[in-house]
Amino acid sequence: MLAVLNNYKLSSIDEHKTFHTIGQKLVTYFQDNVNLQPPVPTTLATICLFDNVTGKLRSIIEGTEITSWRTAASSLVATKYLYFNRIDKTTADSVLAIIGCGVQGRIHAIGMCSTFNISTINLWNRTNSKAESLAVELENMKATFQNKNLKIYVHNSVGECVAESDIIVTATGNRTPLLFGHMLKTNVHINAVGYGQTHHSEVDGGVYENGKIYVDSWTGAEAELKTLNYPIEGEVGEVINGVKETPTQALTIFQSLGMAVEDAVVGQLIVELYEKNKK
Ligand SMILES: NC(=O)C1=CN([C@@H]2O[C@H](COP(=O)(O)OP(=O)(O)OC[C@H]3O[C@@H](n4cnc5c(N)ncnc54)[C@H](O)[C@@H]3O)[C@@H](O)[C@H]2O)C=CC1
Ligand SMILES: O=C([O-])C1=[NH+]CCC1
C-alpha cells in the first residue's frame, strides 16, 4: 500500500508548516498467531517513510498499533457522518454490536464508547471467552466512556447480538457471511471491517442489496471490491465535503478497505513528534 501526499498540514506539530510524505505499509495477516505462547497479533504491519525529494528511506515505523487505531478512527468518522448525522440526536440512545472481539473489535468498542453516546454494547466472538474478556475490560473502563451507564452483554449467536443494535461492526476473518438481512432491525449502520475471502465476505449479499454502500476510497474499491456486485454510493469523504448528500435511507454500510494515506500521515506525525521531543 503506497501513498504520496503533498501540501498538507499537521496542526498539532506546526500549523504553518506544509508536509509532503511518501509512505508505504507492509501488512500481513496470520490467523494462527493467536495460538502461539505468548500470542502474537494476527495483523502485523510496518510503515516506511521516504524522503520526498530523493526517495531515500527515511524511517521504518512499527505499524501494528497504528493500523488498529486508524482503522477504528475511519469507522468512527463513517458512523458519525452516515449514522449519527441522519438520526434525531436528542432522542438518540444507540446500541452497538461488535462481531469479532479481536484487536479490531476491541479498539472499535473502546473508540465508539469513548466518542458516542452508546447505551448498550452487544458482543459476539467465535470463542466466547474472548468476548467475555472484552466485556470485563469495558466494564472497568466505563468511567471514561460518554455513557457511564453503559450496559454490556455477551451473546451466543450473531443474530441475538445484532437484533436490537443500531450500529454494527464486523471484524472477523470469516470467509463466508455471518450477517444476514433478516437479523437486522431498521435504521442500522454497519462498519464492515474484516477481510476474509474478500473484503465483503462477512456480510451477506442481501444486506448490500438493500443498503447504501460507502467506501473509504474509490481507488481502493476499484481494486479490492471487483467482486461486490452492488453499486457503491460514494466515499465517506464525499459525504463530509458535501459532494454527496447525507444518506437518509435506513441501512448504510461503510465498507472499510484501509487506506495507505492514513498510515502515512500517522507515521509522519509520529516521526515529527519523535524529532521534536529529541531536541
Ligand atoms: N479494513 C481495514 O482497514 C482492516 C481490516 N482488518 C481485518 O480485520 C479483521 C480482524 O483483524 P484483527 O482484529 O486484527 O484480527 P484478530 O485475529 O485479532 O481478531 C479476529 C477475531 O475474529 C474471530 N474470527 C477469526 N476468524 C473467524 C471466523 N472464521 N469466523 C468467526 N470469527 C472469526 C477471532 O476469534 C478473533 O477474535 C481481519 O480480517 C483483518 O484482515 C485489519 C486491519 C485493517
Ligand atoms: O488497510 C489495512 O491495513 C488492511 N486492510 C485489510 C487488512 C489490513
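**Entry 1: the antiparallel sheet**

I started with the open sheet of 4 strands in this predicted model. Its order is β1-β2-β3-β4, and the pairing is antiparallel. I noted the edge strands next: β1 (2-10) and β4 (57-62) each pair on one side only. Neighbouring strands here are turned by 30 degrees against each other on average, direction ignored.

I then took up the pairing of β1. Strand β2 covers residues 14-29, and 6 bridges join β1 to β2. The two run antiparallel. For one register point I looked up Ala3: its bridge partner in β2 is Gly23.

What packs on this sheet? I found α1 there, touching β2, β3 (43-50) and β4. The direction of α1 makes about 100 degrees with that of β3.

**Entry 2: two backbone details**

I checked the backbone for exceptions. Most residues other than glycine have a negative phi, and most peptide bonds are trans. I logged one departure of each kind.

Asn7 has a phi near 55 degrees, a positive value in a residue other than glycine. I placed Asn7 in strand β1.

The peptide bond between Gln37 and Pro38 is cis, with omega at about -5 degrees. Where does Pro38 lie? I traced Pro38 to the loop between β2 and β3.

**Entry 3: the parallel sheet**

I moved on to the open sheet of 8 strands. I read its order as β7-β6-β5-β8-β9-β12-β10-β11, with parallel pairing. Why do β7 and β11 each have one side without a neighbour in the sheet? β7 (151-154) and β11 (232-235) stand at the edges with a single partner strand each, so one side of each is left free of a neighbour in the sheet. The average turn between neighbouring strands of this sheet is 20 degrees, direction ignored.

For the pairing of β10 with β12 I noted residues 212-215 and 251-255. These strands run parallel and are joined by 4 bridges. Ile213 has Ile253 as its bridge partner in β12.

I met α1 again here. Helix α1 (residues 64-82) lies across β8 (167-170), β9 (188-192), β10 and β12. α1 runs at about 160 degrees to β9.

**Entry 4: α1 against α8**

I followed α1 to its contact with helix α8 (residues 260-278). The two pack at an angle of about 120 degrees, and their axes are 10 Å apart. That angle makes α1 oblique to α8. The crossing of α1 past α8 is right-handed.

Which residues meet? From α1 I listed Ile66, Thr67, Arg70 and Ser74; from α8, Glu262, Asp263, Val266 and Gly267. By class, the residues of this contact are 2 nonpolar, 3 polar and 3 charged.

**Entry 5: α2 against α3**

I repeated the lookup for helix α2 (residues 103-115) and helix α3 (residues 128-141). Their axes come within 11 Å and cross at roughly 25 degrees. With angles under 35 degrees counted as roughly parallel, α2 and α3 are therefore roughly parallel to each other. I noted a right-handed crossing for α2 and α3.

Gly105, Arg106, Ala109, Ile110 and Cys113 come from α2. They meet Leu134, Leu138 and Met141 in α3. I sorted the residues of this contact into 6 nonpolar, 1 polar and 1 charged.

**Entry 6: ligand 1**

How many residues surround ligand 1? I recorded 26, the closest being Thr42, Gly100, Gly102, Gln104 and Gly258. The elements that give two or more residues to this shell are α1 and α2. The largest share, 3 residues, comes from α2. By class, I entered 8 nonpolar, 16 polar and 2 charged residues for the shell around ligand 1.

**Entry 7: ligand 2**

I finished with ligand 2. The residues around it are Val27, Thr43, Thr67, Tyr195 and Gly258. The shell has 2 nonpolar, 3 polar and no charged residues.

I cross-checked three names. Gly258 is also among the closest residues to ligand 1. Thr67 is one of the α1 residues that meet α8. Thr43 falls in β3 (43-50).

Key. Residues numbered from 1 in each chain as written. Chains lettered and ligands numbered in written order. Predicted model: local features only at pLDDT ≥ 70, side-chain atom pairs only at ≥ 80, totals over all residues. Pairing = 2+ DSSP bridges. Axes fitted to C-alpha atoms, helices over the stretch in contact; angles between N-to-C directions. Contact = placed C-beta atoms within 7 Å. Parallel < 35°, antiparallel > 145°, perpendicular 65-115°, else oblique. Left-handed = near helix turned anticlockwise from the far one by under 90°. Nonpolar A, V, L, I, M, F, W, Y, C, P; charged D, E, K, R; others polar. Near = placed C-beta within 6 Å.
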